[in-house]
Amino acid sequence: MDVQIFQDKNSLGKAAASCGAQYIRDAIKKNGHANIIVATGASQFEMLSALTKEADIDWSKVNIFHLDEYIGLPEEHPAGFRKYIRERFIAHLPQKPASFHPVNGSDPDPEHACEVLGKEIAACPIDVAFVGIGENGHLAFNDPPADFETEKAYLVITLDEVCRKQQLGEGWFPTFDDVPKQAISMGIKQIMKSAAIINTVPDLRKAKAVKGALEGPVSNLCPSSILQTHKDCHTFLDKDSASLLTGKY
């Protein structure tokens, strides 16, 4: 795993975006289009902003998926990830993307939503996935102990308390009871099928999870540790999120 450490979030975000943008350009040049996964959450603000400003990307040839969505939230809820992607990313692109495949957490039958998305992503092998790591080490909403074996591209997840407290702490919900208890999440195996992965993780509150992900054993108790086994994964940290690491990077 390639690991780079920066002094601040803005430098981290620009570097992660620059790295990921080159994979997008290369895919378009090779295949005529690119398929990408975009993460959400506070950790992705700077990276996504920088990515929208990257030059020489024909976004009209890019198909966009995202990792997860709460079950039961209206599409326009301020904490919803469909709203996040549209307002913080797609709205700032210079061209309309070829397609956007939202995770439909509003579907009254979440398993049906998973099946629909599974078929869509199966037709679009992912060139680059932009991801992050949760405070509990989760990857997407695959909280520990994560299912490393399922072949489902998307699955229904019951969120653990640490994950829900993180969402509250980031200011997405007014009270803990307002944080949904379930979500639809892209599965671990589906994420790992991505040809390249850009892993963006700022902030001191992520330091323990970063240490487990990069220097701990590969274990479903720290789901993001699976990234150690990916053949082309680039992790971007700031000095705070890297503060507990003991290796040389």
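In the predicted model, glycine 72 is located in the loop that runs between β4 (68–70) and α3 (81–88). This glycine counts as exposed, with a relative accessibility of 57%. Although 36 residues separate glycine 72 from proline 108 in sequence, the C-alpha atoms of the two lie 8.0 Å apart in space.

A second pair of residues distant in sequence involves helix α1. Isoleucine 57, in the loop between α2 (45–52) and β3 (62–66), is 36 residues from alanine 21 in sequence, with a C-alpha to C-alpha distance of 7.6 Å. Isoleucine 57 has a relative accessibility of 5%; because a residue under 20% is classed as buried, isoleucine 57 belongs to the buried class. Alanine 21 is likewise among the buried residues of α1.

Helix α1 itself covers residues 9–31 and contains 23 residues. From its first C-alpha to its last it reaches 32 Å, close to the 33 Å expected at 1.5 Å a residue. The buried positions of this helix include Leu12, Ala16, Cys19, Ile24, Arg25 and Ile28. In an α-helix there are 3.6 residues a turn, so residues three or four places apart point the same way. The N-terminal end of α1 is capped by aspartate 8, which places a side-chain oxygen 3.1 Å from the backbone nitrogen of asparagine 10. Just after the helix, glycine 32 adopts a positive phi of about 85°.

Several backbone features stand out in the loops. Most residues other than glycine have a negative phi, and most peptide bonds are trans. Aspartate 56, which is not a glycine, has a positive phi near 65°. This aspartate is found in the loop between α2 and β3 and is exposed, at 70% relative accessibility. Alanine 140 also has a positive phi, of about 55°, although it is not a glycine. Its place is in the loop between β6 and β7, and at 6% relative accessibility alanine 140 counts as buried. Proline 145 is found in the loop between β6 and β7, and a cis peptide bond with omega of about -5° joins proline 144 to proline 145.

Alanine 140 appears again in the description of internal space. Rolling a probe the size of a water molecule over the atoms shows where empty space is left. A search of the whole structure finds one cavity of 30 Å³ or more. The largest cavity holds about 240 Å³ of space. It is lined by 20 residues, of which Thr40, Gly41, His138, Ala140 and Gln166 are the closest to its centre. By class, the lining comprises eight nonpolar, nine polar and three charged residues.

A polar contact was also identified in the loop between β2 (34–38) and α2, where serine 43 is placed. The side chains of serine 43 and glutamine 44 are joined there by a contact of 3.0 Å. Serine 43 is buried, with a relative accessibility of 7%.

Charged side chains were examined next. Side chains of opposite charge can pair when their charged atoms come close. The structure contains 14 salt bridges. In one of them, lysine 83 meets glutamate 76 at an N to O distance of 3.4 Å. The two partners differ in exposure: lysine 83 is buried at 17% relative accessibility, whereas glutamate 76 is exposed at 53%.

Another salt bridge links glutamate 111 and lysine 152, whose closest N and O atoms are 4.0 Å apart. Glutamate 111 belongs to helix α4 (residues 110–122) and lysine 152 to the loop between β6 (128–131) and β7 (154–158), so the pair ties together parts that are 41 residues apart in sequence. Both residues are partly exposed, with relative accessible areas of 38% for glutamate 111 and 47% for lysine 152.

A salt bridge within a single helix is formed by glutamate 215 and lysine 211, with an N to O distance of 2.8 Å. These residues are separated by about one helical turn because they lie four residues apart in helix α7 (residues 207–215). Glutamate 215 is partly exposed at 27% relative accessibility, and lysine 211 is partly exposed at 29%. Elsewhere, salt bridges that share partners join Lys9, Glu135, Glu170, Asp203 and Arg205 into one network.

Terms used. Residues numbered from 1 in each chain as written. Predicted model: local features only at pLDDT ≥ 70, side-chain atom pairs only at ≥ 80, totals over all residues. Heavy atoms only, no water. Helix = DSSP H or I, 4+ residues; strand = E, 2+ residues; numbered from the N terminus. Expected span 1.5 Å × (residues − 1). Buried < 20%, exposed > 50% of the residue type's maximum accessible area, 1.4 Å probe, protein only. Polar contact = N/O pair within 3.5 Å; in protein donor to acceptor, adjacent residues only side chain to side chain. 1 Å grid on protein atoms, 1.4 Å probe; cavity = no way out; pocket = protein on both sides within 12 Å on 5 of 7 lines; lining within 4 Å. Points joined across faces, edges and corners; volume = space filled by probe spheres on them. Nonpolar A, V, L, I, M, F, W, Y, C, P; charged D, E, K, R; others polar. Salt bridge = Lys/Arg side-chain N within 4 Å of Asp/Glu carboxyl O.
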